[in-house]
Amino acid sequence: MHQNIETRLSINTATVRKQGDLVQIMEACARHGIRAVAPWRDQVAAVGLERAVRAVRENDLALSGYCRGGMFPANPDRRAEVRDDNRRAVDEAAALGAPCLVLVVGGLPQFSRPGSAPTKNLMQAQTQVEDGLSELLEYARDANLPLAIEPLHPMYAADRSCVNTMRHALDLCDRLDSGRTGLLGVAVDVYHVWWDPELETQIQRAGKKRLLAFHVCDWLVPTIDLLQDRGMMGDGVIDIPKIRGWVEAEAGIGHIEVEIFSEHWWARPMDEVLDTCLSRCRSAV
Ligand code: ZN
């Protein structure tokens, strides 16, 4: 049942961010027969957008997404800055040929946009997220570039995302895009949502129109760092094939994006990490 699953593998380029620049990562992926990547903005900026676009073409790669936009909560006087930053992210995603811009929506303003006044009002941050999303969606519509809200595990509610469940993300989609245009949806990352008792029903609720990306890695026990101790698929406790089955039942066959932030894997040679991603894609995804 796993034959050719590796042809659907995409490497989120943060997975090997410490082993090379974006061009080197894309060349390594091509060398390993990997057909897709999902780059990060800082990695694109480091080599320049034009060079990144050329490297995508030279290596005959597809994109599974572009990381990331969002971080909407901020001091009110910074609203234009946040809006423009996100519009640039949409433009870059379009230039690179990404199928969607992944959004990490932000938490409390002082963490989401450092320098903003400290507050404990998470509901106000959620309101700012909805307002920011609504505004960005207009821009994304003109660019015909879908936005994928990535609900993050609740442990990131303060600093990275105050949208922590599929239900919350899909409620936003329903309110802001009631016509289900395909321009607003979710990125399902098993690391963030594997624990949710509603996961299967919310994936069904999302349906093909709203399932824009599927990210895999694994949950290690114990997890020793909240951000940088993600596991390689098969090394943790997430039943990835089950979740993949739920996603495929709705969305069909798409990219499977490996996204691992891990000091352990950043310390390994890039070729070893990519080989491992390929073999675990066959055995544990
Ligand atoms: Zn992700």
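Which spacing do the donors of the zinc ion follow along the chain? In this predicted model, the spacing is E-x38-D-x25-H-x43-E, and the legends below begin with that site.

**View 1. The zinc ion and its protein donors.** The zinc ion is held by E150 (OE), D189 (OD), H215 (ND1) and E259 (OE), which lie 2.0 to 2.2 Å from the ion. Two of these donors, D189 and E259, link distant parts of the chain, 70 residues apart: D189 belongs to strand β7 (residues 184-189), while E259 sits in the loop between β9 (256-258) and α11 (263-266). Both D189 and E259 are buried. The angles among the four donor atoms run from 86 to 152 degrees, and the site is irregular; it is not counted as tetrahedral because that would require all angles to lie between 85 and 135 degrees.

**View 2. The surroundings of E259.** The zinc donor E259 is placed in the loop between β9 and α11, and its relative accessibility of 3% counts as buried. Leaving aside residues up to four places away in sequence, E259 touches N12, T15, W40, C67, E150, D189, H215, V216, C217 and R230. Among these contacts are E150, D189 and H215, which are also donors of the zinc ion. From E259 to L274, 15 residues apart in sequence, the C-alpha to C-alpha separation is 12 Å.

**View 3. A network of salt bridges around R113 and D85.** Of the salt bridges in the structure, which number 27, several join in a network that links R41, D85, R88, E92 and R113. Within this view the side chains of R113 and D85 meet at 3.1 Å, N to O, and the pair links distant parts of the chain, 28 residues apart, with R113 in the loop between α5 (109-112) and α6 (122-143) and D85 in helix α4 (residues 79-96). R113 has a relative accessibility of 10% and is counted as buried, and D85, with a relative accessible area of 17%, is buried as well.

**View 4. Salt bridges formed by D60 with R35 and by R268 with E272.** The side chains of D60 and R35 form a salt bridge with an N to O distance of 3.7 Å. This pair also links distant parts of the chain, since D60 lies in the loop between α3 (49-58) and β3 (62-63) and R35 in the loop between α1 (22-31) and β2 (36-38), 25 residues apart. D60 is exposed, having a relative accessible area of 56%, whereas R35 is partly exposed at 30%. In the other salt bridge shown, the side chains of R268 and E272 meet at 3.0 Å, N to O; R268 counts as partly exposed at 35% relative accessibility, and E272 counts as partly exposed at 29%.

**View 5. A nonpolar surface patch and a cis peptide bond at P222.** W194, W195, V221 and V237 make a nonpolar surface patch of about 370 Å². W194 lies in the loop between α8 (190-193) and α9 (199-210), and its relative accessibility of 30% counts as partly exposed. V221, a member of the patch, is joined to P222 by a cis peptide bond with omega of about -5 degrees. P222 is found in the loop between β8 (211-216) and α10 (240-251).

**View 6. Backbone features at R68, M71 and R180.** Most peptide bonds are trans, and most residues other than glycine have a negative phi. The peptide bond from C67 to R68, however, is cis, with omega near -15 degrees, and R68 is placed in strand β4 (residues 66-70). M71, in the loop between β4 and α4, has a positive phi, near 50 degrees, and is buried with a relative accessible area of 9%. R180 likewise has a positive phi, near 50 degrees; its place is in the loop between α7 (166-176) and β7, and at 30% relative accessibility R180 counts as partly exposed.

**View 7. D42 in helix α2.** D42 is found in helix α2 (residues 41-47), where its relative accessibility of 41% counts as partly exposed. D42 and R205 are 163 residues apart in sequence, and their C-alpha atoms are 33 Å apart in space.

Notes:
Residues are numbered from 1 along each chain as its sequence is written. This is a predicted model: local features need pLDDT of at least 70, side-chain atom pairs count only at pLDDT 80 or more; totals for chains, interfaces and linings use all residues. Side-chain values use heavy atoms; hydrogens and water are left out. Donors are N, O and S atoms within 2.8 Å of the metal (3.2 Å for Na, K and Ca); water is not among the atoms, so sites may look incomplete. Four donors count as tetrahedral if all angles lie between 85 and 135 degrees; four count as square planar and six as octahedral if opposite donors are over 155 degrees apart and all others between 65 and 115; anything else is irregular. Helices (H or I, at least four residues) and strands (E, at least two) are DSSP runs, numbered from the N terminus. Buried means under 20% relative accessible area, exposed over 50%, partly exposed in between (1.4 Å probe, protein chains only). A salt bridge is a side-chain nitrogen of Lys or Arg within 4 Å of a carboxyl oxygen of Asp or Glu. Patches are made of residues with over 30% relative accessible area and no salt bridge: like charges are joined within 9 Å, nonpolar side chains (Val, Leu, Ile, Met, Phe, Trp, Tyr) within 5 Å. Accessible areas come from the Shrake-Rupley method with a 1.4 Å probe; for residues, only the protein chains shown count as cover. Contact means heavy atoms within 4.5 Å.
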